[in-house]
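Okay, thanks for squeezing me in. Let me put the structure up, and then I'll talk through a few things in it.

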Amino acid sequence: APIVLPKASQQVDYEAELAFVIGKTARNVPQEKAMEHVAGYTICHDVSARDLQFKDGQWVRGKSCDTFCPLGPTLVTADEIADPHDLDIELRAKGQTLQKSNTKNLIFGIPHLVSFISRTMTLNPGDIISTGTPPGVGVFRKPPIFLAPGDVVEITIAGLGTLRNPVVAEA
């Protein structure tokens, strides 16, 4: 499905991320038990309107525009991924690779995220948690790179496939 660039933003950025889906209710989960609560993995494109994000001083509006945060193309069950902390991740757009890394470089691993988040809120089956993006987002490039109509963004994560989204202007 297309990512629609909202008229309210001129700085829509890309962020390739591994996402995981909760499969079992989690509350106050210790890190050593956290992976028991993960049902599977998918690709998340954490699209961000940076001008809205920075103007507001928080992330809600800049990350919540219609069509932002596409997921997929599949949900791979946890037993199909030997080590979610060792998956190559790459984002391509504008005819070039803009992000390339491995999930072993995550600042916070999945056990930490489940444990930390479940201390203050109950995680329910179907909840999706995104793990964070590798270096290379557009806003911090010199010069900055933002998404434009006609772009096609492809995010590939080893074992999960390729999420492909065209970019269009809001009508």
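So, straight to Asp151 and Lys94: their side chains meet in a salt bridge, 2.6 Å from N to O. Asp151 sits in the loop between strand S9 (128-130) and S10, while Lys94 is in the loop between S7 and strand S8 (96-102), so this pair ties together parts that are 57 residues apart in sequence. The two ends don't see the same surroundings: Asp151 is buried, at a relative accessible area of 11%, and Lys94 is partly exposed, at 34%. I should say right away that this is a predicted model, so please hear every value as computed from that model.

Next pair: Arg92 and Glu154 also make a salt bridge, with 3.3 Å from N to O. Here Arg92 belongs to strand S7 (residues 88-93) and Glu154 to strand S10 (residues 152-157), so the link ties together parts 62 residues apart in sequence. Arg92 is partly exposed, with a relative accessible area of 24%.

How many salt bridges does the structure hold? Nine. The one I'd like to show you next is Arg50 with Glu15, where the closest N and O atoms are 2.8 Å apart. Arg50 is in helix H1 (residues 50-56) and Glu15 is in the loop between strand S2 (12-13) and strand S3 (16-22), so that pair ties together parts 35 residues apart in sequence. And are these two buried or exposed? Arg50 is buried, at 5% relative accessible area, and Glu15 is buried too, at 6%. They also belong to a network: Asp13, Glu15, Asp46, Arg50 and Lys63 are linked by salt bridges.

On to the sheet, since S7 and S10 have already come up. There's an open sheet of five strands in the order S1-S11-S10-S7-S8, and the pairing is mixed. Which strands are at the edges? Strand S1 (3-5) and S8, each of which pairs on one side only. From one strand to the next, the twist averages 15 degrees. If you look at S10 and strand S11 (residues 161-169), they run antiparallel and six bridges join them. To give you a spot to click on, Thr156 stands opposite Thr162 in S11.

Now cysteines. How many disulfides does a search of the whole structure find? Zero. Cys44 is the one I'd zoom in on: the nearest cysteine sulfur belongs to Cys69 and is 3.5 Å away, and Cys44 is in no disulfide. The cut-off here is 2.5 Å between the sulfur atoms. Cys44 counts as buried, at 2% relative accessibility. Then there's Cys65, and why is its sulfur not bonded to that of Cys69? Because the closest cysteine sulfur, the one in Cys69, is 12 Å away, which is too far for a bond. Cys65 also counts as buried, at 14% relative accessibility.

One more residue, for anyone who worries about histidines when setting up a system. His37 is in the loop between S3 and strand S4 (38-45), and at 8% relative accessibility it counts as buried. What is His37 in contact with, leaving aside its neighbours within four places in sequence? The answer is Val21, Ile22, Gly23, Lys24, Thr25, Ala26 and Val29.

Let me zoom out before I finish. The chain's secondary structure comes to two helices and 11 strands. Reading from the N terminus, the elements run β-β-β-β-β-α-β-β-β-α-β-β-β. The radius of gyration is 16 Å, close to the 16 Å that the globule rule gives for 171 residues, so the chain is as compact as a globular protein of that length. Its C-alpha atoms fill a box of roughly 45 × 30 × 30 Å along the principal axes. Buried residues make up 47% of the 171 in the chain. And if you take contacts between residues at least 6 apart in sequence, 72% of them join residues at least 24 apart.

If you take one picture away, make it the salt bridges. Asp151 with Lys94, Arg92 with Glu154, and Arg50 with Glu15 are among the nine in the structure. Okay, over to you for discussion.

Definitions and conventions: Residues numbered from 1 in each chain as written. Predicted model: local features only at pLDDT ≥ 70, side-chain atom pairs only at ≥ 80, totals over all residues. Heavy atoms only, no water. Salt bridge = Lys/Arg side-chain N within 4 Å of Asp/Glu carboxyl O. Helix = DSSP H or I, 4+ residues; strand = E, 2+ residues; numbered from the N terminus. Buried < 20%, exposed > 50% of the residue type's maximum accessible area, 1.4 Å probe, protein only. Pairing = 2+ DSSP bridges. Axes fitted to C-alpha atoms, helices over the stretch in contact; angles between N-to-C directions. Contact = heavy atoms within 4.5 Å. Rg over C-alpha atoms; globule rule 2.2 N^0.38 Å.
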